[in-house]
Amino acid sequence: MKNKIELTKSVPRERWGEFFDQFSDGNRGRHMSILILRGSANEIINSEIGDEELIQDAPLMAMVYDRPGKGDDLVIEVGKDEVTYAHTIDSPTEVLTGQSESGRMLAVWISDAAGTKTLVKLQDS
């Protein structure tokens, strides 16, 4: 059985640039997985996580958000000293976060205009 992650905090769109800059600075090098999901956030919380795993146990380099008019996408960059993999989310529409009881970030959930959901699941160690 996998650990449940409660996605409880919504990040307002106007703060996405600042949020992803701070998130990248605070979590660079932290190992994570990237999963593509189907279903709502509540369905994911209450079920086994992961329909399609793109990356597993890889170091996060950065999450870079370009606002509408400048690209309207979010790029998740993976790698230690250089980018070894990048996943692009076009036209994100919602960002939710999940934290441990101590406040440590465990997950970021991004929905896009096409209805795809991407979960970045961070290791808790």
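Me: Two strands count as paired when DSSP finds at least two bridges between them. With that in hand, how many bridges join β4 to β5?

Reply: Bear in mind that this is a predicted model. β4 covers residues 73-78 and β5 covers residues 85-90, and the two run antiparallel. Pairing asks for at least two bridges, and the number joining β4 to β5 is 6.

Me: Which residue in β5 is the bridge partner of V75?

Reply: V75 falls within β4, residues 73-78, which runs antiparallel to β5. Over in β5, the bridge partner of V75 is T88.

Me: And which residue in the turn between β4 and β5 has a positive phi?

Reply: β4 and β5 make a hairpin, with 6 residues between them. A positive phi of about 150° turns up in that turn, and the residue that has it is G79.

Me: Zooming out, what is the order of the strands in the sheet?

Reply: The chain has 2 helices and 8 strands, and from the N terminus the elements go β-α-β-α-β-β-β-β-β-β. The sheet is an open one of 8 strands with antiparallel pairing, and its order is β1-β6-β7-β8-β2-β3-β4-β5.

Me: Which strands stand at the edges?

Reply: Follow the order β1-β6-β7-β8-β2-β3-β4-β5 from end to end. An edge strand here has a single partner, so one of its sides is left without a neighbour in the sheet. The strands that fit are β1 (9-10) and β5.

Me: Which residue in β8 does I110 stand opposite?

Reply: β7 (residues 105-112) and β8 (residues 117-122) run antiparallel and are joined by 5 bridges. In β8, the residue opposite I110 is T118.

Me: At what angle does α1 run to β3?

Reply: α1 spans residues 16-27 and lies across β3, β4, β6, β7 and β8. Relative to β3 (52-66), the helix runs at about 125°.

Me: Which residues have the most contacts inside the largest nonpolar core?

Reply: In soluble globular proteins, nonpolar side chains tend to be buried together. Here the largest such core has 22 residues; α1, β2 (31-37), β3, β4, β7 and β8 each give two or more residues to this core, and β3 gives the most, with 5. The residues with the most contacts inside the core are F20, M63 and V108.

Me: Leaving aside neighbours within four places in sequence, which residues is F20 in contact with?

Reply: F20 is one of the residues with the most contacts inside the largest nonpolar core. Outside that four-place window, the contacts of F20 are M63, Y65, L74, V95 and V108.

Me: Is L74 buried or exposed?

Reply: L74 sits in strand β4 and touches F20, M63, V64, Y65, H87, T88, I89, P92 and I110, not counting residues up to four places away. Anything under 20% relative accessible area is buried. L74 has 1% relative accessibility, so the verdict is buried.

Me: How far apart are the C-alpha atoms of L74 and H87?

Reply: H87 is among the residues that L74 touches. The two are 13 residues apart along the chain, yet their C-alpha atoms are separated by 8.3 Å.

Me: What is the relative accessible area of S111?

Reply: S111 has its place in strand β7. Beyond four places in sequence, S111 is in contact with P92, T93, E94, T116 and K117. S111 is buried, and its relative accessible area is 8%.

Terms used. Residues are numbered from 1 along each chain as its sequence is written. This is a predicted model: local features need pLDDT of at least 70, side-chain atom pairs count only at pLDDT 80 or more; totals for chains, interfaces and linings use all residues. Side-chain values use heavy atoms; hydrogens and water are left out. Helices (H or I, at least four residues) and strands (E, at least two) are DSSP runs, numbered from the N terminus. Contact means heavy atoms within 4.5 Å. Axes are lines fitted to C-alpha atoms, for helices over the stretch in contact, and angles run from 0 to 180 degrees between N-to-C directions. Buried means under 20% relative accessible area, exposed over 50%, partly exposed in between (1.4 Å probe, protein chains only). A nonpolar core is a set of buried Ala, Val, Leu, Ile, Met, Phe, Trp, Tyr and Cys residues joined through side-chain atoms within 4.5 Å.
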